[in-house]
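Dear colleague,

I am passing on the structure below, and I would be glad if you kept it open while reading the notes that follow. They deal with how the strands pair.

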Amino acid sequence: MTTLLTDAMPFKPILKESRERPNILLASGPIQRAGAKNENGRIYSRKLLDREVKKYIKEFVQNNNAFGELDHPDKAVVDLHNVSHVLKKIWWDGDTLMGTLEILPTPAGNIARAIMESGYTLGISSRGTGSVKNTTEGTLMVQDDFGLVCWDLVSNPSTYGAYVKPGTMNESKSQTQKSNKVDDLIREILCSSSCECNLDF
């Protein structure tokens, strides 16, 4: 049965501004791994990912429209109203797929930029359609009918045990300033098209 497949991983990119276009934020880092079981119990073979990546580069990256969204929608098409970034480059480093994203100056992109520039971690998640086969208990092999749609930025990286435990929270002045900066930027983005705005966080 073909279904929507989404798989996330932590995205801790190197952030830098473009030399050619000042104020454009580029984020580079790992976006997927081949042959490794993820939190959803799925494994994508190197052969399958390599096929889809080559097709994606030809159809989207080279045409400068490899868009992704902020958070996953429940559909196999990219919604331009929620685009946050565009993939500019994809390459392999061993079995790790690397990517360079340009964070766009859209409402969703500005939110993603504020979160990353404030030092917080987003997840990056592939979105595609296909089926899986249960190979062993708890392991699902993604099948040959898989079709890649895009990579999205998400709030829930698929990392085991990545939760704040009671008693480990420690607020500092710098953390408070980061939170205030994010709140101010989100408020500015959401209120930019309204004469009156009374958003309180």
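Strand β5 (residues 67-69) and strand β6 (residues 83-93) run antiparallel and are joined by 3 bridges, and within this pairing glutamate 69 stands opposite valine 83 in β6. Please bear in mind that this is a predicted model.

Strand β6 also pairs with strand β7 (residues 96-103), again in the antiparallel sense, and here there are 8 bridges. One position to look for is tryptophan 91, which stands opposite methionine 98 in β7. The two strands β6 and β7 form a hairpin with 2 residues between them, and in its turn glycine 94 has a positive phi of about 70 degrees.

As general background, the strands of a sheet pair through backbone hydrogen bonds, and they may do so in a parallel or an antiparallel way.

There is also an open sheet of 3 strands, whose order is β1-β8-β11 and whose pairing is antiparallel. Strands β1 (3-11) and β11 (147-154) stand at its edges and have a single partner strand each, so one side of each is left without a neighbour in the sheet. From one strand to the next, the twist averages 20 degrees.

Within this sheet, which strand pairs with β11 over 7 bridges? It is strand β8 (residues 122-130), and the two are paired in the antiparallel sense. If you would like one residue pair to find on the model, glycine 123 has valine 154 in β11 as its bridge partner.

With best wishes

Conventions
Residues are numbered from 1 along each chain as its sequence is written. This is a predicted model: local features need pLDDT of at least 70, side-chain atom pairs count only at pLDDT 80 or more; totals for chains, interfaces and linings use all residues. Side-chain values use heavy atoms; hydrogens and water are left out. Two strands pair if DSSP finds at least two bridges between them. Helices (H or I, at least four residues) and strands (E, at least two) are DSSP runs, numbered from the N terminus. Axes are lines fitted to C-alpha atoms, for helices over the stretch in contact, and angles run from 0 to 180 degrees between N-to-C directions.
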